[in-house]
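Thanks for coming. I have one structure to show today, and I will go through its salt bridges, a surface patch and a cavity.

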Amino acid sequence: IGAHAEQLLSRGLATSTVGIGDGYAPDFLRVLAENGGGTMHDAEHAPEIVEVVLAELGDMRQLVAENLRVVLTCPSGAKAIALQPGDQTWSKVATAKFGAAIAKCTRVAVFRVKTPQGVAGDSMTFDIDVAWKIPGEAREETANAAVQLTWADGVQNTPQARDTGATQRAGEAWHAVVVHHASRLNRLGQRSEAQRHLDDELRFFRRYADGFEGLQELLSELEQLRAEAQRDWGERSRKEVEMLAYRRVQGKTESRSMARASSAASLIQPSPSTRHIPIVEYPLVCLEGHWFIDADGQRLFVDTGSPVSVGRRPSLSFGGRVASLHHEFAGEDIDGLVAMVGTPFDALLGMDILRRLCVVFDAGRGIARISMPGLHSSRSIPMTMVSGIPSVSITVHGVERRAFIDIGAKLSYVAGGIPGATEEGRDFYPGLGTFTTRIAKAKVEVGTSVLRLDIGGLPKLLETNLMVAGCDAILGAELLIDHIIDFDFPNLTMRVHARR
């Protein structure tokens with residue numbers, strides 16, 4: 001099928017692909033797109049089909065090259081592979097395929113090379129050829145260069161200054177290929193093989209990343225994936241992990257409007273665990289309608305509506321674990337988030353950290369307690385994860401809805417708002433900024449519990465994003481005020497307790 005896509009491309013017909021839902025075969029679609037000179041897309045929800053098609057059409061207007069590829073030709077005795085997702089064979093000639101290229105978008109080809117043993121002073125020359133077609137033209141453009149590799153002893157080699165840009169880009173490509181292959185093995189049920197694969201690659205990646213700050217987060221991510229290697233990650237998690245790896249290597253941007261976590265480990269739902277997690281209690285405070293946890297001298301903004309955690313530091317110790325922090329979410333760094341929330345804090349505590357824990361929010365006592373996973377009971381309310389954010393079925397004024405649990409939002413919302421709402425409320429969303437809405441008190445049923453919450457209507461862009469994800473409501477920070485909320489994230493359940 002890949003050869004057929006190449007034949008179509010030779011006649012001027014590029015092939016891009018869209019996988020819909022969780023049932024498609026990603027390797028099949030990736031091969032079609034790579035050999036057809038196009039792009040592979042994923043649409044988890046039906047409205048995302050429109051988004052990726054519109055993105056593809058938009059890219060066509062900015063197209064500057066088709067069938068872009070970089071070919072590395074090795075000298076005698078050496079062999080190489082291109083660090084790209086999919087099956088790669090070590091050979092004298094290795095090709096990195098990038099398909100279509102749009103203006104102002106960088107493509108980086110990274111190759112892994114094996115050479116015979118050499119002695120100091122020996123050298124080898126590698127030839128690099130780049131080929132592409134100008135859109136609408138039949139002829140092919142080419143460029144070439146040569147790179148020389150010279151052997152040296154440790155005294156000469158070790159003092160060399162490291163090219164930080166090249167080190168980072170090579171590490172990112174290497175990491176993406178390792179993650180992609182581990183996900184494929186997980187799908188095939190070859191969990192032990194996946195663990196061996198991660199163990200083997202980690203032996204070399206640790207040494208490569210040693211002393212280089214830019215790669216520590218990727219190293220930590222591989223360590224986390226290795227810890228989860230022996231269980232089923234779930235098909236949606238595998239799809240997202242493989243798409244993230246594909247975009248990183250291909251230099252593609254996310255075309256879906258619904259936010260996803262930007263690390264592979266954060267995309268994998270942790271396994272339910274019955275082992276004891278030491279119980280830790282943290283002070284819980286409400287400021288300006290938002291909830292904060294004070295932990296180890298840091299004030300953490302609790303935001304279950306964010307798939308990632310954000311901070312100035314590279315990592316955070318919370319709940320007996322150390323987790324990596326992202327520099328930004330939806331284009332906002334920690335200073336931008338602080339400005340929107342309206343009160344200072346040190347880090348945003350998102351679902352990539354919380355989803356591995358069981359957390360009890362007891363606002364009446366002013367504590368957030370990290371506990372061991374609870375036992376399921378008739379009062380347990382099932383949750384589902386949508387793009388890394390928890391959701392739950394609720395009823396608002398007798399109408400059944402699906403709601404994101406977004407404690408980072410000051411208010412709760414339903415699509416279209418509440419008819420007759422007159423009071424004004426103010427809230428924010430990363431990437432959009434602050435906004436105002438009309439609110440009214442409404443009866444909200446969560447499981448068997450009945451709550452009275454301030455309900456508003458969302459700006460049209462956010463409402464569209466909500467509908468794309470299959471939800472039509474949001475439960476915000478007010479959820480915690482009058483009830484004890486017990487989240488068992490590993491088991492995807494929650495309980496709502498009346499405060500005594």
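A salt bridge here is a side-chain nitrogen of Lys or Arg within 4 Å of a carboxyl oxygen of Asp or Glu. This is a predicted model, so local features need pLDDT of at least 70 and side-chain atom pairs count only at pLDDT 80 or more, while totals for chains, interfaces and linings use all residues. Residues are numbered from 1 along each chain as its sequence is written, and side-chain values use heavy atoms, with hydrogens and water left out.

The search over the whole structure gives 28 salt bridges. Take E478 and K441, whose closest N and O atoms are 3.0 Å apart. That pair links distant parts of the chain: E478 is in the loop between β28 and β29, K441 is in strand β26, and 37 residues separate them. Helices (H or I, at least four residues) and strands (E, at least two) are DSSP runs, numbered from the N terminus. On burial, the terms are buried for under 20% relative accessible area, exposed for over 50%, and partly exposed in between, with a 1.4 Å probe and protein chains only. E478 is buried at 13%, and K441 is partly exposed at 43%.

Next, R236 and D22 meet in a salt bridge at 2.7 Å, N to O. R236 lies in helix α8 and D22 in the loop between β1 and α2, so the pair ties together parts 214 residues apart in sequence. R236 is buried, at 15%; D22 is partly exposed, at 36%.

A third pair is D232 with R238, also 2.7 Å from N to O. Which residues share a network of salt bridges with these two? They are R187, E235, K239 and E242.

Now the surface. V18, I20, V50, V53, L54, L57 and M60 make a nonpolar patch of about 620 Å². Patch residues have over 30% relative accessible area and no salt bridge, and nonpolar side chains (Val, Leu, Ile, Met, Phe, Trp, Tyr) are joined within 5 Å. Helix α3 gives the most to this patch, 5 residues, V50 being in that helix.

Last, the inside. There are 2 cavities of 30 Å³ or more, a cavity being a set of points on a 1 Å grid where a 1.4 Å probe fits but cannot get out. The second largest has a volume of about 40 Å³. Its lining includes P26, H180 and E242, and both α2 and α8 supply at least two lining residues.

Note on methods:
1 Å grid on protein atoms, 1.4 Å probe; cavity = no way out; pocket = protein on both sides within 12 Å on 5 of 7 lines; lining within 4 Å. Points joined across faces, edges and corners; volume = space filled by probe spheres on them. Patch = residues over 30% accessible without salt bridge, like charges linked within 9 Å, V, L, I, M, F, W, Y side chains within 5 Å. Areas by Shrake-Rupley, 256 points an atom, 1.4 Å probe, with all protein chains shown as cover.
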